[in-house]
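User: Could you take a close look at one part of this model for me, the open sheet, and set it in the context of the chain around it? I'd enjoy a connected walk through it.

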Amino acid sequence: MAASVDNRQFAHLESLNGIVRPYKPGPNHRSDSPIRSSQNGFAPKKQVFLEEDWSSDDENEADYMEIIRKGNSELEPSILDPRDEGTADNWIERNPSMVRLTGKHPFNCEAPLTRLMQHGFITPVPLHYVRNHGPVPKASWVDWTIEVTGLVKRPARFTMDQLMHEFPSREFPVTLVCAGNRRKEQNMVKQTIGFNWGAAGVSTSVWRGVPLRHVLKRCGIFSRKSGALNVCFEGAEDLPGGGGSKYGTSIRKEVGMDPARDIILAYMQNGELLSPDHGFPVRVIIPGCIGGRMVKWLKRIIVTTQESDNYYHYKDNRVLPSHVDAELANAEAWWYKPEYIINELNINSVITTPCHEEILPINSWTAQRPYTLRGYAYSGGGKKVTRVEVTLDGGDTWHVCTLDHPEQPNKYGKYWCWCFWSLELEVLDLLGAKDIAVRAWDETLNTQPEKLIWNVMVRASSRILHVVFQ
Ligand SMILES: Nc1nc2c(c(=O)[nH]1)N[C@H]1C(S)=C(S)[C@@H](COP(=O)(O)O)O[C@H]1N2
Ligand SMILES: [Mo]
């Protein structure tokens, strides 16, 4: 298989008369952006698109710049954190309030839940959760290429400038969730092989990038009959897992090519080039899926017949039956049973107000006051969360909450972001309750299990969340 291809094959693009969509720059570009030197920031070149009428991609993309700017203005500056001293990440500026979940290194963190909620729909980049399996690669915009290889007629290597200028782009908000979100609750039942995520392993940004299917079409992806069944992604880091493997995973080809799924190779987050922790200069975004499929620092796309053979594709992001512990999983090769992979997110809802250890003074004045319970909810695969309910009496009766979906669905009716729920009560109503619990429903009537279903990796916790009063 050709590992690289002469870029001359794209030289003719500039002269052809395609559809031109000017790039709309946002105001917050990183000052160290390597492509900033051009007069007005980004994209002085025109974009030339071939092969397909891209105009069908045009959707009314909402402008979130105002919200992003406001969110950023409320942040303290990111710093070179003393906790990163002596690690391979000692060059990365990070927000000091992030809660570190795996000690010093690698960097795995979530924002304090109340802070995450204060910002609401769009999470500022420095507060976006981070899941790194190893050191962050030091990347340069001008030197980076992604290689597209395997079952394609025209294997190619694209520079970042090519990705940005020779393809159409899409920009829209997507909620990312680590499949380990809320794992701490499962670890409290019985230790799993994963670390303690709280309920803030979830964040939402506005991502801009090239639709994956355009890149694959440009390279002439083979048909299913010719064996093209999977699209594998590979990152840049050398990781300990599997004896020095890269981070990699795969999706089915038809998923990758499905226009309804909005899969992009993203090079911007909240109007700026990606930050090092989130995959600079380019990463995969697969809306509605677990974060683990969205490879950061993307180096290679390989079209194959088999699924990815990467260590992390098999040994991570699976939900095995409860009786399978780590030993049995290895002994009986449960990791390789295809039915236990998780791709789309499962439904989830969380109570964020009252927050942990909140004190609610109860007296004759406050007892008459309204009190608003709040939280977030999401589902997977583009399914809309249609109902969130709260019980104050152990599940005998359920109050239907008010829902706020700040995003517009895409033209296929898919929802890629979290929504927010609220329920106004009186403090008096809370007095008689021993605990409150929340559950969400989506448009296919998925809801959350009453009891926690333990699994060895502790993936996909979605038990009804209880807040206990003491
Ligand atoms: N190259 C690479 N890609 C990666 C990972 C990684 O460690 N290396 N972690 C994955 C996991 S498990 C998650 S949840 C998301 C997290 O993305 P974020 O750090 O931008 O929030 O990235 C995914 N992509
Ligand atoms: Mo993850």
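Analyst: Of the 470 residues in the protein chain, 42% are buried; do keep in mind that this is a predicted model. The chain's secondary structure comes to ten helices and 23 strands. Contacts reach well along the sequence too: taking those between residues at least 6 apart, 72% join residues at least 24 apart.

Now to the sheet you asked about. Five strands make it up, and reading across, their order is β7-β6-β15-β10-β11. The sheet is open, and its pairing is mixed. As a reminder, strands of a sheet pair through backbone hydrogen bonds, either parallel or antiparallel. At the edges sit β7, covering 156-159, and β11, covering 248-252, and each of these pairs on one side only. Going from one strand to the next, the twist averages 20 degrees.

Let's zoom in on the β7 edge. Its partner there is β6, made of residues 145-150, and the two strands run antiparallel, joined over four bridges. Within this pair, Val148 stands opposite Ala156 of β7.

Finally, a look at the ligand, to round out the setting. Ligand 1 has 18 residues around it, and those that come nearest are His133, Cys178, Gly235, Tyr247 and Gly291. By character, the shell around ligand 1 divides into eight nonpolar residues, seven polar ones and three charged ones.

Definitions and conventions. Residues are numbered from 1 along each chain as its sequence is written. Chains are lettered from A and ligands numbered from 1 in the order in which they are written. This is a predicted model: local features need pLDDT of at least 70, side-chain atom pairs count only at pLDDT 80 or more; totals for chains, interfaces and linings use all residues. A residue is near a molecule or strand if its C-beta atom, placed from the backbone, lies within 6 Å of it. Ala, Val, Leu, Ile, Met, Phe, Trp, Tyr, Cys and Pro count as nonpolar, Asp, Glu, Lys and Arg as charged, and the others, Gly among them, as polar. A residue is buried if 20 or more other C-beta atoms lie within 10 Å of its own, exposed if 12 or fewer, and partly exposed in between; C-beta atoms are placed from the backbone. Two residues are in contact if their C-beta atoms, placed from the backbone, lie within 7 Å. Two strands pair if DSSP finds at least two bridges between them. Axes are lines fitted to C-alpha atoms, for helices over the stretch in contact, and angles run from 0 to 180 degrees between N-to-C directions.
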